[in-house]
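Thank you for making time this morning. I would like to walk through some helix packing and some charged pairs, and I ask you to keep the structure open while I talk.

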Amino acid sequence: MRVLLAIVILFTSVSCSLFDSEERDEFASLSTEEQFYRTANQQLNASNFTAAVRTYQALESRFPFGQYAAQAQLELIYAHFRSGNLEGARAAADRFMRLHPDHPSIDYAYYLKGVASFSENTGFMSRFLPTDQSKRDISRARDAFNEFSILLSLYPDSDYAADARARMIYLRNNLATYEIHVANYYLERRAYIAALNRGKYVVENFQGSPVVAEALSIMIECYLRLGLDDLADTSLALLRDNYPDHPTLDSNGQFIVRNHVTDPSLLYTVSFGLLGSNVDDTPLAPTTRPQRSIAPEADPLNQGRSLLNILTLGRFGRGPDERVIPTEPPPGTPIDSI
């Protein structure tokens with residue numbers, strides 16, 4: 001055991017010494033802060049972003065209070081971003097904003113942090129494959145939207161405000177579309193309250209998004225399924241007035257209720273949706289609810305039940321199946337009482 005521990009310590013010491021020697025060799029020709037900064041800037045301009053990150057970090061560790069320290073920290077954000085280290089870019093932006101809140105280029109740090117979150121939301125594979133961003137994890141999209149929003153609220157006249165605003169519109173539409181996907185998921189599984197809440201959230205928080213009409217149609221569907229016809233009529237009037245050509249409206253302006261639900265077959269499930277079907281052509285539920293509910297005492301199933309039977313949920317006492325229901329009036333019953 002001691003021999004193994006000694007080997008591990010020796011290996012660690014050798015690795016650290018080799019790393020230190022490599023770092024010394026890399027920056028052996030650099031002695032002044034200006035030389036470090038110029039070298040890092042040249043590497044950045046040459047698109048050697050990984051080397052630029054190392055040089056900026058070396059400059060900051062050697063000259064933490066030098067004249068190039070703040071600028072090096074700002075450019076380090078961009079170097080991290082271009083090297084693909086998006087988490088490092090956000091961390092560097094947070095550090096710069098904390099250390100230099102009054103820097104004249106502080107808006108650039110806010111902008112780069114938002115762009116880093118925006119780029120992580122789009123993903124690497126989306127550069128090569130067509131993907132629907134609204135069906136992916138949207139946590140980074142929300143982060144990017146909030147970061148751009150902070151930039152616009154603090155620095156509305158920033159040079160990066162226009163681009164941030166355009167990215168926010170794109171993110172807003174994606175976030176709204178994500179809510180529609182979730183609402184449809186709930187609706188197809190007959191979770192009408194959950195689907196209704198998602199639709200209302202889109203209508204209330206994403207005005208101007210192209211999917212507001214779809215959100216209204218989901219609200220109408222859910223209101224009908226829940227028997228809330230007055231609220232359904234109100235939402236339907238909004239849909240007719242603002243989106244008269246929506247596909248859920250027929251030629252007479254009446255709402256077309258969907259009639260299929262997700263009911264995946266075994267083949268569809270085991271093949272991950274490549275084979276089989278997940279459509280069930282049965283109606284979802286009644287589109288209207290009875291005008292009034294039957295009172296418990298008026299329910300024929302409760303007639304003849306003893307109190308003990310009702311309190312014990314039918315386990316004890318006289319139940320409805322034990323009473324005798326005459327098929328004809330007993331002899332001698334007056335006709336007026338029948």
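**Helix contacts and salt bridges**

Let me begin with the contact of H3 with H4, where Phe-49, Ala-52, Val-53, Tyr-56, Gln-57, Leu-59 and Glu-60 in H3 meet Ala-69, Ala-72, Gln-73, Glu-75, Leu-76, Tyr-78, Ala-79, His-80 and Arg-82 in H4. Sorted by type, the residues of this contact are ten nonpolar, three polar and three charged. Please bear in mind throughout that what we are looking at is a predicted model.

As for the geometry, two packed helices are described by the angle between their axes and the distance between the axes. Helix H3, which covers residues 49-62, packs against helix H4, residues 69-82, at an angle of about 155°, and their axes are 9 Å apart. Since an angle over 145 degrees counts as roughly antiparallel, H3 is therefore roughly antiparallel to H4. The crossing of these two helices, H3 and H4, is left-handed.

Staying for a moment with Tyr-78 of H4, I would point you to Tyr-108, which has its place in helix H6, residues 106-122. The two tyrosines, Tyr-108 and Tyr-78, are 30 residues apart along the chain, and their C-alpha atoms are separated by 9.7 Å. If we leave aside residues up to four places away in sequence, Tyr-108 touches Leu-74, Tyr-78 and Tyr-160.

Now to a second helix pair. How do H8 and H10 run relative to each other, roughly parallel or roughly antiparallel? The axes of helix H8, residues 161-188, and helix H10, residues 212-225, come within 10 Å and cross at roughly 20°. With the limit for roughly parallel set at angles under 35 degrees, H8 and H10 are therefore roughly parallel to each other. Here too we have a left-handed crossing, as H8 passes H10. On the H8 side the contact is made by Ile-180, Ala-183, Asn-184 and Leu-187, and on the H10 side by Glu-214, Ala-215, Ile-218, Glu-221 and Cys-222. The residues of this contact of H8 with H10 comprise six nonpolar, one polar and two charged.

That brings me to the charged pairs. Side chains of opposite charge can pair when their charged atoms come close, and a search of the whole structure finds 13 salt bridges.

One of them is formed by Arg-95 with Glu-60, and the closest N and O atoms of that pair are 2.2 Å apart. This salt bridge links distant parts of the chain, with Arg-95 in helix H5, residues 86-99, and Glu-60 in helix H3, 35 residues apart. Arg-95 counts as partly exposed at 34% relative accessibility, whereas Glu-60 is buried, with a relative accessible area of 14%.

Another salt bridge is formed by Glu-179 with Arg-142, where the closest N and O atoms are 3.7 Å apart. This pair also links distant parts of the chain, since Glu-179 sits in helix H8 and Arg-142 in helix H7, residues 139-154, 37 residues apart. Glu-179 is buried, with a relative accessible area of 5%, while Arg-142 is partly exposed at 37%.

Within H8 itself, Arg-167 forms a salt bridge with Asp-163, the closest N and O atoms being 2.6 Å apart. Because Arg-167 and Asp-163 are four residues apart in helix H8, about one helical turn separates them. Asp-163 is partly exposed, with a relative accessible area of 32%.

Finally, salt bridges that share partners join Glu-87, Arg-90, Glu-120, Arg-140 and Asp-143 into one network.

Terms used. Residues are numbered from 1 along each chain as its sequence is written. This is a predicted model: local features need pLDDT of at least 70, side-chain atom pairs count only at pLDDT 80 or more; totals for chains, interfaces and linings use all residues. Side-chain values use heavy atoms; hydrogens and water are left out. Axes are lines fitted to C-alpha atoms, for helices over the stretch in contact, and angles run from 0 to 180 degrees between N-to-C directions. Angles under 35 degrees count as roughly parallel, over 145 as roughly antiparallel, 65 to 115 as roughly perpendicular and the rest as oblique. A crossing is left-handed if the near helix is turned anticlockwise from the far one by less than a right angle, and right-handed if clockwise. Contact means heavy atoms within 4.5 Å. Ala, Val, Leu, Ile, Met, Phe, Trp, Tyr, Cys and Pro count as nonpolar, Asp, Glu, Lys and Arg as charged, and the others, Gly among them, as polar. A salt bridge is a side-chain nitrogen of Lys or Arg within 4 Å of a carboxyl oxygen of Asp or Glu. Buried means under 20% relative accessible area, exposed over 50%, partly exposed in between (1.4 Å probe, protein chains only).
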